[in-house]
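Could you walk me through this protein, one step at a time? I am new to structures, so please explain the terms along the way.

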Amino acid sequence: MIGITAYLMMTAAAVSGCDCRSGGWDKVVENTEELVVYKQPFKVPRDPLGSKYPDACVRIGFQIDVNGRPMDVRIDGSSGNRSMDVAARETLTKYRFEVPSNEAATEFALVFVYPSSESP
């Protein structure tokens with residue numbers, strides 16, 4: 001079963017033409033979303049020139065340590081905008097996860113969509 005947040009993110013990604021879940025990442029992202037116990041809102045800093053950023057997504061890959069913190073955080077699918085990529089990476093470092101009981105699950109990823117469906 002997929003949560004409302006994941007559904008909204010997938011819907012926003014589909015509308016914006018985002019392909020961060022393609023290439024077999026859909027199931028990895030869905031499994032990772034089920035482990036989230038605390039998340040931080042995704043906020044992208046304003047463009048210093050006042051321009052509007054295009055709709056985009058960022059896929060962040062990572063590992064989960066024994067305390068449920070993300071480690072080895074990396075950008076696996078860039079938005080093409082450095083500000084969005086850095087904001088997504090920094091946001092993920094504040095997330096907390098259930099420690100997976102399954103030793104086989106070593107690949108984790110989340111997708112951050114801009115504009116975020118959770119932004120006010």
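Let us begin with the vocabulary: helices (H or I, at least four residues) and strands (E, at least two) are DSSP runs, numbered from the N terminus. Two strands pair if DSSP finds at least two bridges between them. What you see is a predicted model, in which local features need pLDDT of at least 70 and side-chain atom pairs count only at pLDDT 80 or more, while totals for chains, interfaces and linings use all residues. Residues are numbered from 1 along each chain as its sequence is written, and side-chain values use heavy atoms, with hydrogens and water left out.

How far can the model be trusted? The predictor's confidence in each residue, from 0 to 100, is called pLDDT. The protein averages a pLDDT of 80, and 78% of the residues score at least 70. Over residues 1–16, however, the pLDDT is below 50, and this stretch has 18 contacts in the model beyond near neighbours in sequence. A contact means heavy atoms within 4.5 Å. Where pLDDT is low, the predicted coordinates should not be read in detail.

Now find the sheet. It is open, has 3 strands in the order 3-2-5, and its pairing is antiparallel. Strand 3 (70–77) and strand 5 (108–114) are the edge strands, each pairing on one side only. On average, neighbouring strands of this sheet are turned by 30 degrees against each other, direction ignored. For such angles, axes are lines fitted to C-alpha atoms, for helices over the stretch in contact, and angles run from 0 to 180 degrees between N-to-C directions.

Strand 2 (residues 56–64) and strand 5 run antiparallel and are joined by 7 bridges. Along this pairing, Val 58 stands opposite Phe 112 in strand 5, and Ala 56 stands opposite Tyr 114. Two helices pack on the sheet, and we can take them in turn. Helix 2 (residues 25–33) touches strand 2, strand 3 and strand 5, and its direction makes about 95 degrees with that of strand 5. Helix 3 (residues 82–92) also touches strand 2, strand 3 and strand 5, with a direction at about 35 degrees to that of strand 2.

On the other pairing, strand 2 and strand 3 are antiparallel over 5 bridges. Ile 60 stands opposite Ile 75 in strand 3, while Ile 64 has Pro 70 as its bridge partner. These two strands form a hairpin with 5 residues between them, where Gly 68 takes a positive phi near 85 degrees. Most residues other than glycine have a negative phi, and most peptide bonds are trans. Asp 72, in strand 3, is a residue other than glycine with a positive phi, near 50 degrees. The peptide bond joining Tyr 114 and Pro 115 is cis, with omega about 0 degrees, and Pro 115 is found in the segment after strand 5.

Next, which residues are hidden? Buried means under 20% relative accessible area, exposed over 50%, and partly exposed in between (1.4 Å probe, protein chains only). Asp 72 is exposed, with a relative accessible area of 54%. In strand 2, 8 of the 9 residues are buried, so this strand is largely enclosed by the rest of the structure.

Strand 2 also takes part in a disulfide, which is a pair of cysteine sulfur atoms within 2.5 Å. A search of the whole structure finds 1 disulfide, and it joins Cys 20 to Cys 57, with an S to S distance of 2.1 Å. Cys 20 lies in the loop between helix 1 (4–16) and helix 2 and Cys 57 in strand 2, so the pair ties together parts that are 37 residues apart in sequence. The torsion about the S-S bond of Cys 20 and Cys 57 is about 100 degrees, so the disulfide is right-handed. Both Cys 20 and Cys 57 are buried.

Finally, look at the aromatic rings. Rings of Phe, Tyr and Trp (its six-membered ring) pair if their centres lie within 6.5 Å; planes under 30 degrees apart count as stacked, over 60 as edge-to-face and the rest as tilted. The structure holds 5 aromatic pairs. The rings of Phe 62 and Phe 108 have centres 6.1 Å apart and planes at 25 degrees, so this pair is stacked. Phe 62 in strand 2 and Phe 108 in strand 5 are 46 residues apart, so the pair links distant parts of the chain. Phe 62 and Phe 108 are both buried. Ring pairs also link Phe 42, Phe 62, Tyr 95, Phe 97, Phe 108 and Phe 112 into a cluster.
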